[in-house]
Amino acid sequence: MTERIPCIREGCANTILPATAAKTGGYCMPCKQEMEREERQRYIEAHRRDVNLYAGITDPVKVLKIMHEPQVRDPLIRYVPYEQSKEQAYLSLAAEQQDEMKDYAMHRIRTGDEDAGKDILLYLVCYHDTSLTAEIPELLEQEIYYPVILYKSASAAVRDHLLQQVNTDDENRNHILLMLAYIGDDVVVQQFRQWRQSPPSWRSELYVAPEHYTTEAGWELRKDGQRRELFITPSYSLYKVKENKETSVEVSRDSFSLLTPSANCCPWCGNELTTLISLDVKHPALKDVSWHAQQLHIQTCVICSSYGVVYMEVDAVGEPLWSSHNVMPLGADEIDPDDYVKLAQDVGRQFRIATVSRRAFHASEWAMEPSLSQIGGHPGWVQDADYPTCPRCSTRMKAVAQLDWGEVEEHGEGMYYMFICEPCQMTAVTYQQS
Ligand SMILES: [Zn+2]
Ligand SMILES: [Zn+2]
Ligand SMILES: [Zn+2]
């Protein structure tokens with residue numbers, strides 16, 4: 001038997017055959033490979049160069065076209081990111097530039113790059129509420145059924161066509177129902193009403209009744225068959241200011257505050273309750289909200305509401321009060337608040353409310369990574385649309401705000417959704433994560 005010899009690399013305990021040693025210069029194979037990897041890395045670091053695809057470019061259309069161009073992966077190239085996010089670049093588009101991007105998206109679709117084209121259209125629809133009335137017939141011709149929000153602005157002719165197709169197209173029925181929900185005009189509302197009265201033959205192939213699909217587009221059929229909106233508008237972004245950029249202008253904390261600890265504790269886990277949002281009812285975001293107190297407070301236990309709905313009521317002086325309707329979710333009695341990260345004292349003070357409103361569907365496509373935290377606007381559901389039911393009146397509650405927990409805690413994730421029932425003066429908080 002040949003005697004094995006030790007690998008010559010310092011700190012390595014492996015032994016190798018003399019034949020291997022002759023090939024590798026005395027190193028074992030793992031060491032040899034490790035050294036080669038290190039050498040490659042040294043070479044990359046020494047030769048890597050910065051490439052700025054945006055150098056000298058200021059036209060946002062050109063910037064966005066570059067952003068939507070697939071980048072060649074090359075370890076020797078470090079791409080310099082653009083100074084603005086994709087979201088900011090889209091928001092800076094003037095009307096004719098939006099049209100230019102729309103044409104570009106259609107061009108990408110026609111030349112076989114459907115995904116890029118759909119993405120561009122999606123950004124335009126969410127951030128600018130761009131009308132695709134003229135483009136929709138072509139999208140359908142290309143058998144594009146997703147993202148359904150693109151069909152919001154379909155013409156009456158397309159709507160009528162979809163109302164026929166939904167009866168026969170088993171394969172795309174789900175998407176067509178959602179498209180119709182987004183179109184949501186009187187004719188569509190009437191059709192959903194009819195389906196509720198006398199379910200169509202294809203009802204048995206769906207998991208939920210057809211009229212349930214409307215909630216994905218942010219509305220429901222009332223008992224009397226009318227359309228009822230499930231979220232408030234306008235939408236105002238809640239954005240975080242950079243910590244080192246703490247402005248000298250002290251925002252009035254009375255009219256707006258975020259994430260303030262409460263003196264009250266959660267009856268389930270004992271953690272202190274948190275007022276996620278407190279906003280003066282005179283703020284334009286709440287112009288259509290009928291709230292009896294001067295301030296809308298939405299309070300919850302941030303731990304327990306990630307397990308189930310937490311309802312709060314309003315006491316005689318407008319302060320939030322733990323609701324007697326709350327039903328402890330499964331597992332909540334085993335929660336130990338010490339297992340959870342304590343909220344940083346001042347985190348709420350880093351947030352501002354935008355001075356200008358944005359589009360109602362701005363944050364609705366969660367996966368596009370828009371700025372998600374907001375008051376008003378269609379929720380950015382991480383999973384399916386899920387409006388809690390008011391425990392007093394059994395109606396779906398209206399979405400009023402959401403907080404992206406990734407912005408709140410360093411390793412935070414998921415989203416807290418806030419709801420109200422105006423007739424009952426109740427609030428609710430739910431949570432979803434991917
Ligand atoms: Zn070795
Ligand atoms: Zn709790
Ligand atoms: Zn109610």
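The following exchange goes through sheets, a helix pair, an aromatic pair and backbone features of a predicted model.

Me: What order do the strands take in the sheet of 8 strands?
Reply: The order is β12-β11-β17-β16-β15-β14-β7-β13, in an open sheet with antiparallel pairing.

Me: Which strands stand at its edges, and why is one side of each left without a neighbour?
Reply: The edge strands are β12 (320–322) and β13 (351–353). Each has a single partner strand, so one side of each has no neighbour in the sheet.

Me: How many bridges are there between β7 and β14?
Reply: Strand β7, residues 236–240, pairs with strand β14, residues 374–375, over 2 bridges in the antiparallel sense. Within that pairing, Tyr 236 has Ile 375 of β14 as its bridge partner.

Me: What lies in the loop just before β7, between β6 and β7?
Reply: Pro 234 lies in that loop. The peptide bond from Thr 233 to Pro 234 is cis, with omega near 0°.

Me: Where is the cis bond that involves Tyr 146?
Reply: That cis peptide bond joins Tyr 146 and Pro 147, with omega about 0°. Pro 147 has its place in the loop between α7 (136–141) and α8 (156–168). As background, most peptide bonds are trans.

Me: Changing topic: how many aromatic pairs does the structure hold?
Reply: The structure holds 16 aromatic pairs. One of them is formed by Phe 231 and Phe 361, whose ring centres are 5.7 Å apart and whose planes are at 80°, so this pair is edge-to-face.

Me: Where do Phe 231 and Phe 361 lie?
Reply: Phe 231 is in the loop between β6 (227–229) and β7, and Phe 361 is in the loop between β13 and β14. The pair therefore ties together parts that are 130 residues apart in sequence.

Me: Now the other sheet, with 3 strands. What is its order?
Reply: That sheet is open and antiparallel, in the order β8-β9-β10. Its edges are β8 (256–265) and β10 (295–300); each has a single partner strand, so one side of each is left without a neighbour in the sheet. From one strand to the next, the twist averages 30°.

Me: How many bridges join β8 to β9, and how many join β9 to β10?
Reply: There are 6 bridges between β8 and β9, which run antiparallel, and 6 bridges between β9 (residues 272–280) and β10, which also run antiparallel. Thr 260 has Thr 275 of β9 as its bridge partner, while Ile 277 has Ile 298 of β10.

Me: Which residue takes a positive phi in the hairpin of β8 and β9?
Reply: In that hairpin, which has 6 residues between the strands, Gly 270 takes a positive phi near 85°.

Me: What is the phi of Leu 259?
Reply: Leu 259, which is found in strand β8, has phi near 55°, a positive value in a residue other than glycine. Most residues other than glycine have a negative phi.

Me: Last topic, the helices. At what angle do α3 and α5 pack?
Reply: Helix α3 (residues 60–67) and helix α5 (residues 95–110) pack at about 30°, with axes 10 Å apart. That makes α3 roughly parallel to α5, and their crossing is right-handed.

Me: Which residues make the contact?
Reply: Helix α3 contributes Pro 60, Val 61, Leu 64 and Lys 65, and helix α5 contributes Gln 97, Glu 100, Met 101 and Tyr 104. By class, the contact of α3 with α5 has 5 nonpolar, 1 polar and 2 charged residues.

Terms used. Residues are numbered from 1 along each chain as its sequence is written. Chains are lettered from A and ligands numbered from 1 in the order in which they are written. This is a predicted model: local features need pLDDT of at least 70, side-chain atom pairs count only at pLDDT 80 or more; totals for chains, interfaces and linings use all residues. Side-chain values use heavy atoms; hydrogens and water are left out. Two strands pair if DSSP finds at least two bridges between them. Helices (H or I, at least four residues) and strands (E, at least two) are DSSP runs, numbered from the N terminus. Axes are lines fitted to C-alpha atoms, for helices over the stretch in contact, and angles run from 0 to 180 degrees between N-to-C directions. Angles under 35 degrees count as roughly parallel, over 145 as roughly antiparallel, 65 to 115 as roughly perpendicular and the rest as oblique. A crossing is left-handed if the near helix is turned anticlockwise from the far one by less than a right angle, and right-handed if clockwise. Contact means heavy atoms within 4.5 Å. Ala, Val, Leu, Ile, Met, Phe, Trp, Tyr, Cys and Pro count as nonpolar, Asp, Glu, Lys and Arg as charged, and the others, Gly among them, as polar. Rings of Phe, Tyr and Trp (its six-membered ring) pair if their centres lie within 6.5 Å; planes under 30 degrees apart count as stacked, over 60 as edge-to-face and the rest as tilted.
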